Every structure is written in C-alpha cells, then in structure tokens.
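Student: I would like to learn how to read a protein model step by step. Could we begin with what it takes to say that one residue touches another?

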Amino acid sequence: MNLAVIGTGYVGLVSGTCFADSGNNVTCVDIDQQKVEQLKDGQIPIYEPGLETIFARSQREDRLHFTTDITEAVPEADIVFLCLPTPPGGDGQADLSAVMQVASELGPLIDDYTVVVNKSTVPVGTGDRVEELIADKVDRALFDVVSNPEFLKEGAAVEDFKYPERVVIGTDSDEAAEIMTTLYEPFVRSGNPIITMDRRSAELTKYAANAMLATKITFMNEMANICEKVGANVDNIRRGIGTDSRIGKRFLFAGIGYGGSCFPKDVEAIHHTAGQYGYDFKIVDSVMQVNDAQKVSIVKKMEDYYETDDFSGKTFGMWGLSFKPETDDIREAPALYIAEELVKRGATLLAYDPEAIGTFKQATSPQVLEATTFVHNQQEALDNVDALVICTEWNEFRRPTVDNFADEMKTPVIFDGRNLYDLNRAEKAGITYISVGRPAINVDKKKAVGENKE
Ligand SMILES: NC(=O)c1ccc[n+]([C@@H]2O[C@H](COP(=O)([O-])OP(=O)(O)OC[C@H]3O[C@@H](n4cnc5c(N)ncnc54)[C@H](O)[C@@H]3O)[C@@H](O)[C@H]2O)c1
C-alpha cells in the first residue's frame, strides 16, 4: 500500500518505518525542515532501540521517503496517518491545532478513496471534527476517518509496534476496517487481536489505557509513602499483590512518579473532557496531584536528612535525566523538577544520562544549566559528591553495585528515586541509602527519613 504519515516524531517515524519494513511504500511529512533533511540524509533524530536497522534497510530499498510537502504524499496515498502532536493546551485540554490544520489541508488532495487515520491521542469527537473539515472540500464517499490509537512505549517503540498486544481500529466503515486490517495483519501473526469498534470508543480507549496505568503507578507510590510511615517495605507489598492475577505484576514499582509526553497530558486531558461533559473524574484528579508531589518527594527526603533546606556548598551527583530508561525524551521528567528544586536550594550538580543530556539541556532553566556540570559517564558523576540522586532506572546504573560507591564520593549517601539497590548490600557496604517506600539504611534513627511517626 501507499502510505502518507503526517508528523514524523516518535510515533510517526516509528510507525512509518515499521510500515515500510513490512513492505509498504511510505512517505513521511513534517513541517520541521531540519528534521526532514536529517532523515533524508539517513540520520535519525530520536533514540529508539532497533529503529536504526529497519530505517536504514527501508531507506536503502526505497520504501521510506521524507518531505516537507504534504502535496507530495497525500494524493498517492491509500491511507493517510495523522501522527501530529496534541500537547496540553490551556486548562488541561489537548491542543488540537496541528491536527485541525492538517485536516483542513487534506480535502483538495484526495481524489480517490482514502482512509484518513488519526493516530494522535485525541479527545472523543475529534474524528467527527476531522471528518467535517475534510468533507468541506471533498465528497464524503471518497474518504473515511478512522481512529487508530497508538500504544507503543518510548524506549521499546519498535518492538511494541512490530508485536502489538492489540490493535484498536475505530470506524463504522467496513471498507476502511478491511483496509486497516490488511495493513496490520503482518504485525499480529502470533494471534494478538485487531479490535474494531466505533470511532468514539477507540478515541476513549487510549485515554482509558493511560489513565489506568498512571493510576496503577500512583497507587503504588502512595502505598510506598504509607510504607515509609509504618516501617514496611513496598517491594514486599508488590510481591505480595503482584502474584494476584487480577492485579498483575507490571506497573507496580514505586518511584518518584511518572513523566513523559503521554501520561501527564493524557490524564489531564481525560479529566478535562469529563469536566466538559459535566462529570468530575475524581480518581484522575487525585492521580495528578499525587504524582506532582511524588516527583519532588526525594527533595523533601534530602531536606529531612540534612535537616535544612539550604544546600549551598553541596554538590550532588545525578544519575538519569530522561523520564524513563532507553529514551532521550525528557518531557515531564522528574529529573527536570528535582534539578530545579536542588539548584533553588543552592546545590551544584554533576549530571549524567546515557542519552538525554542534549534534550535536558534544551529544556531546563538557565539557573540549572549554570549550576550543573554534565559529565560523560556515571563514574564521573560520583566524583567527590556529597550524595548521589538517582532519577531514572537505566540498566547500567544497576551495576556497579552499591559496594563500589563509597570510594568515589565525599560522603557515601544515595537518594534513590527508583529503588535500584538491595537494602542488605547497602547496609553491609556502610552506605546511607534512602529509597522509596523502603526502610532508610544507615541513617541515624533520629533523622531516619519517613520513619517518624506523626
Ligand atoms: N510518544 C509516545 O510515546 C506516544 C505514544 C502513543 C501516542 N502518542 C501520541 O501520538 C501523537 C504524536 O506524538 P509524538 O510523541 O510522536 O509527538 P512528537 O512531538 O515527537 O512529533 C510530532 C511531529 O509532528 C510534526 N508536526 C507538527 N505540526 C505539523 C504539521 N502541521 N504538519 C506536519 N508535521 C507537523 C512536528 O514537527 C513533530 O516532528 C500525540 O498525540 C501523542 O500523544 C505518543
């Protein structure tokens, strides 16, 4: 099939490349001229494991093209994918300007039956609005608008796209459903379902998935906060409940909150949509509040530990800047907020991330930039620091083990927002180790973080 993919970011580039890899002829469109030039040149502007190989192959075999000109891509396309940004607009609602802008350009470019697919995460009813805009300029019989929400995870996007647990297709048109099913069949050969439904339900399914996952994470983070109060260990709670198949093992790890380009904005957007329909979606409101507090909870622990909110003269190592491992995406990353709070309190930072230093530098404030030295490896970030703060659970941070830390640091103190280390080993190594929802190790009982009963 001939595909046009409009918007060549994380979703557009991964989808376009994977569709090209399964034999389709794909033209990706983006308004970002520099990005398009880079891509034409064979350079990938994002970090995603596995993308490079299939990108190079598809480009070599002439199935993957890039352009800034939508008129080069849409007229030939059997299917047009909208993979456009839908960032938070004012008061939490999704900003649909890019989607609407492109939708208004499509009509005159359609002269043969075309399926227009919305892959962006959009509020219920957006498909109807896109359909209206296109129908203003072309006969309704010549196109269908389908909702096909994307569930890939950054950091495992290629794997998720090639082997999706399910594909959701929202349309009432049999013709569009058949074309979409044909397109996706190569990706579900192991038997995972292609689920067809009405368009509004498909739009809402994406929000339901993200709101549910954000709630699950947040529930465990609150449980961790309670563990700290009562002297329990959230790891044990996780093992104790995760074996219940009704609950499941995944997304039960406590930490310093979720971030990224999807959960925060989608939770906010579903809350906003509910409000527009006169419904107060209380659970997601709490999820947002708890997550905001959780992101900087580690700073509060540091204040408790040092018994001051003045960190002048202290240098902290910082491991991990991206919002999660295996990505350079720092959107809504806890590290952004934590760095800001630490610098506000007078600290200087030695920061390291395997992939996200560049994106972090672009997003953080001049104050943080001024107070931070970015280093080339995890070891350098330990050099003579007062403590290490761990914000992202990159695999390489799991080793060297805690036993090796003490020699490098001025004082062997770790504030771990991702619970990477074994408590017994930290204790034996004589390291002060303060993590999330687990007993603080080698901390003077008087100032043991979280162990103070109120
Ligand atoms: N990133 C994820 O993990 C993920 C997962 C599932 C769904 N989504 C959803 O998919 C959508 C896209 O997300 P993303 O992370 O790929 O965004 P992104 O910001 O990485 O990419 C969007 C791209 O669209 C381009 N663009 C903007 N306006 C344009 C226009 N008028 N014409 C052509 N190109 C234009 C931008 O230059 C950018 O390259 C969002 O709705 C998001 O919520 C994202």
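Tutor: Two residues are in contact if their C-beta atoms, placed from the backbone, lie within 7 Å. Please keep in mind that this is a predicted model. With that cut-off, and leaving aside residues up to four places away in sequence, Asn 2 touches Asn 25, Glu 76, Ala 77 and Asp 78.

Student: Where does Asn 2 lie, and how is its exposure judged?

Tutor: Asn 2 belongs to strand β1, which covers residues 2-6. A residue with 20 or more other C-beta atoms within 10 Å is buried, one with 12 or fewer is exposed, and the range in between is partly exposed. Asn 2 counts as partly exposed because it has 16 C-beta neighbours inside 10 Å. As for separation, Asn 2 and Lys 40 are 38 residues apart along the chain, and their C-alpha atoms are separated by 18 Å.

Student: Which strand pairs with β1, and in what sense?

Tutor: β1 pairs with β2 in the parallel sense, over 5 bridges, and one of the partnerships links Ile 6 with Val 29 of β2. Strand β2, residues 25-29, is mostly covered, since 4 of its 5 residues are buried.

Student: What can I learn from the directions in which the residues of β13 point?

Tutor: In strand β13, residues 413-416, Val 413 and Phe 415 point one way while Ile 414 and Asp 416 point the other way, and all of them are buried. Strand β12, residues 387-390, runs parallel to β13 and is joined to it by 3 bridges, with Ile 390 having Asp 416 as its bridge partner. β13 is also joined by 3 bridges to strand β14, residues 432-434, again in parallel, and here Phe 415 has Ile 434 as its bridge partner.

Student: How should I read the sign of phi?

Tutor: Most residues other than glycine have a negative phi. Asp 62 is not a glycine, yet its phi is positive, at about 65°; this residue lies in the loop between α3 (51-60) and β3 (64-67). Glu 326, also a residue other than glycine, has a positive phi near 65° and is found in the loop between β9 (315-319) and α14 (334-344).

Student: Are these residues buried or exposed?

Tutor: Asp 62 counts as exposed because it has 9 C-beta neighbours inside 10 Å, whereas Glu 326, with 20 such neighbours, counts as buried.

Student: Why does the length of helix α9 agree with what is expected?

Tutor: Helix α9, residues 199-230, has 32 residues, so at 1.5 Å a residue it should span 46 Å, and its end C-alpha atoms are 47 Å apart, which agrees. After α9 comes Gly 231, which has a positive phi near 80°.

Student: How is the protein divided into domains?

Tutor: There are three stretches: domain 1 (2-197), domain 2 (206-292) and domain 3 (296-447). The C-alpha centres of domain 1 and domain 2 lie 29 Å apart, and 12 residues of domain 1 are in contact with 11 residues of domain 2. The side of domain 1 that touches domain 2 has 7 nonpolar, 3 polar and 2 charged residues.

Student: Finally, how many residues surround the ligand, and which are the closest?

Tutor: The ligand is surrounded by 26 residues, the closest being Gly 7, Gly 9, Val 11, Ser 120 and Thr 121. The elements giving two or more residues to this shell are α1 (10-21) and α5 (97-106). By class, the shell consists of 12 nonpolar, 9 polar and 5 charged residues.

Conventions: Residues are numbered from 1 along each chain as its sequence is written. This is a predicted model: local features need pLDDT of at least 70, side-chain atom pairs count only at pLDDT 80 or more; totals for chains, interfaces and linings use all residues. A residue is near a molecule or strand if its C-beta atom, placed from the backbone, lies within 6 Å of it. Ala, Val, Leu, Ile, Met, Phe, Trp, Tyr, Cys and Pro count as nonpolar, Asp, Glu, Lys and Arg as charged, and the others, Gly among them, as polar. Domain bounds come from an automatic or database domain assignment. The expected span of a helix is 1.5 Å times one less than its number of residues. Two strands pair if DSSP finds at least two bridges between them.
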